[in-house]
Amino acid sequence: MIDLRRLQVLRAVAHHGSVTAAAEALHLTPSAASQQIRHLARELQVALLEPAGRGVRLTGAARRLLGHADAIAERWERAEADLADPSPTGELRICGLPTTISALLAPAVARLRERWPALVVRLREAEPPECFDLVFSGAAELVVTMATPDGPPTGDARLDARPLLDDPYDLLTSPGHPLAGASGVTLADLAAEPWIVGMPGTAYRRLVLALAAGAGFTPSIAHEVLEWTAVAALAGQGLGVSLVPRLVRLPGEPAVVRTELADAPSRKLITVVRRGNREDPAIIAALGALSAEIGEMGRRPGAERARRMPGDPLDGVGEQRRDADGQRARVEQGREH
């Protein structure tokens, strides 16, 4: 019989691109990971790795084996979900962006704790690439994050990603900015503005640059920051403009203004699990708590609202629409990422 752990090492090498990176993700030494691959190759009597420059690469046989390994991993996840206690128990590890943790996951986990006290939920903040790595490696069971170009594609044999919310971006300025509260503002109107963006390598920065490129300009970056509190402080002092997701809660001092954009750019929030694991009772309970929280958001007086994406798998979440008065500017008092 083939050792399933050795198949997982092979899958990790393919996912991370090298034996060293795979070993680190699986908490093994590189020599131990290499040894697992060698044992697997001897069991199957085929070569799985071949030299490529200073490193190695998967052979054709290894790539064919990966298709079987992914199918086996999915089947094993389904078996574990089928055999799990129908009442959610044990530990559930969830990772996500700061926004998804503060606006969605924290209240959802509070619901879970009240409904299922035997279920222990642990939250971890991470950028999308790390989130995907964590759920693939087994270090997390559920991801709530934003879709990115380097995220799992539709039909990925390893990860099951599904849409959750369409979270619109608003323009963030000081109250005295000429565009604060204006109607019909588009991204193209911001081409000459100084911009406040995220740090290099962050998903937020990449998305803002992509949106600006789509509007026909490259933003003039005045400031690079990591936290939304810093974005609000700079924008509130009139030192630049920024885009802020509607789910983000900003501090009240200094005052800042959110202005809805006519071309309505947005980010796509998704849930990701290992393929075959979505029917696990703990994950079902967590997705149900998320669904309840999203529905509650739309019923809160004066709450900022996010639109549900078409094809949202969470039943019972109604389409959440803009405020009836169409007001485009909101002075934020007591909001934080």
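The following exercises, each with a worked solution, concern a predicted model of a protein chain.

**Exercise 1. Overall make-up**

Determine how many helices and strands the protein chain has, and what share of its residues count as buried.

Solution. Begin with the secondary structure: the chain contains nine helices and 13 strands. Turn next to burial: 47% of the 337 residues count as buried. Finally, consider the contacts between residues at least 6 apart in sequence; 74% of these join residues at least 24 apart.

**Exercise 2. The packing of α1 and α3**

Describe how helix α1 and helix α3 pack, and state which residues make the contact.

Solution. Two packed helices are described by the angle between their axes and the distance between the axes. Helix α1 spans residues 4-16 and helix α3 spans residues 30-44; the angle is about 115° and the axes are 9 Å apart. The crossing of α1 and α3 is left-handed. On the side of α1, the contact is made by R6, L7, V9 and L10. On the side of α3, the residues are A33, Q36, I37, H39, L40 and E43. Sorted by class, the contact of α1 with α3 has six nonpolar residues, two polar ones and two charged ones.

**Exercise 3. A cluster of aromatic rings**

Classify the pair of Y169 with Y204 and the pair of Y204 with W228, and establish which parts of the chain each pair ties together.

Solution. A pair of aromatic rings is described by the distance of the centres and the angle of the planes. The model has three aromatic pairs.

Step 1. The ring centres of Y169 and Y204 are 6.4 Å apart, and their planes stand at 35°, so this pair is tilted. An angle under 30 degrees would have counted as stacked, and one over 60 as edge-to-face.

Step 2. Because Y169 lies in strand β6 (residues 159-173) and Y204 in helix α7 (residues 203-214), the pair ties together parts that are 35 residues apart in sequence. Y169 is buried, with a relative accessible area of 1%, and Y204 also counts as buried, at 13%.

Step 3. Y204 and W228 form an edge-to-face pair, with 4.8 Å from centre to centre and 70° between the planes. Since Y204 belongs to helix α7 and W228 to helix α8 (residues 228-236), this pair ties together parts that are 24 residues apart in sequence.

Step 4. Taken together, ring pairs link Y169, Y204 and W228 into a cluster.

Step 5. In α8, the buried residues are W228, V231, A232, L234, A235 and G236. Helix α8 is followed by G238, which has a positive phi near 75°.

**Exercise 4. Charges over rings**

State over which rings R115 and R158 lie, and at what distance from the ring centre.

Solution. The charged end of R115 sits over the ring of W116, at 4.0 Å from its centre. For R158, the ring is that of F136: R158 lies over its face, 5.5 Å from the ring centre.

**Exercise 5. The surroundings of D280**

Decide whether D280 is buried or exposed, and locate D280 in the chain.

Solution. First, D280 lies in the loop between β11 (266-274) and α9 (281-297). Second, the relative accessible area of D280 is 17%; the cut-off for buried is under 20%, so D280 is buried. Third, leaving aside residues up to four places away in sequence, D280 touches A81 and A84. Last, D280 and E77 are 203 residues apart in sequence, while their C-alpha atoms are 8.5 Å apart in space.

Technical notes
Residues are numbered from 1 along each chain as its sequence is written. This is a predicted model: local features need pLDDT of at least 70, side-chain atom pairs count only at pLDDT 80 or more; totals for chains, interfaces and linings use all residues. Side-chain values use heavy atoms; hydrogens and water are left out. Axes are lines fitted to C-alpha atoms, for helices over the stretch in contact, and angles run from 0 to 180 degrees between N-to-C directions. Helices (H or I, at least four residues) and strands (E, at least two) are DSSP runs, numbered from the N terminus. A crossing is left-handed if the near helix is turned anticlockwise from the far one by less than a right angle, and right-handed if clockwise. Contact means heavy atoms within 4.5 Å. Ala, Val, Leu, Ile, Met, Phe, Trp, Tyr, Cys and Pro count as nonpolar, Asp, Glu, Lys and Arg as charged, and the others, Gly among them, as polar. Rings of Phe, Tyr and Trp (its six-membered ring) pair if their centres lie within 6.5 Å; planes under 30 degrees apart count as stacked, over 60 as edge-to-face and the rest as tilted. Buried means under 20% relative accessible area, exposed over 50%, partly exposed in between (1.4 Å probe, protein chains only). A charge sits over a ring if NZ of Lys or CZ of Arg is within 6 Å of the ring centre and within 35 degrees of the ring normal.
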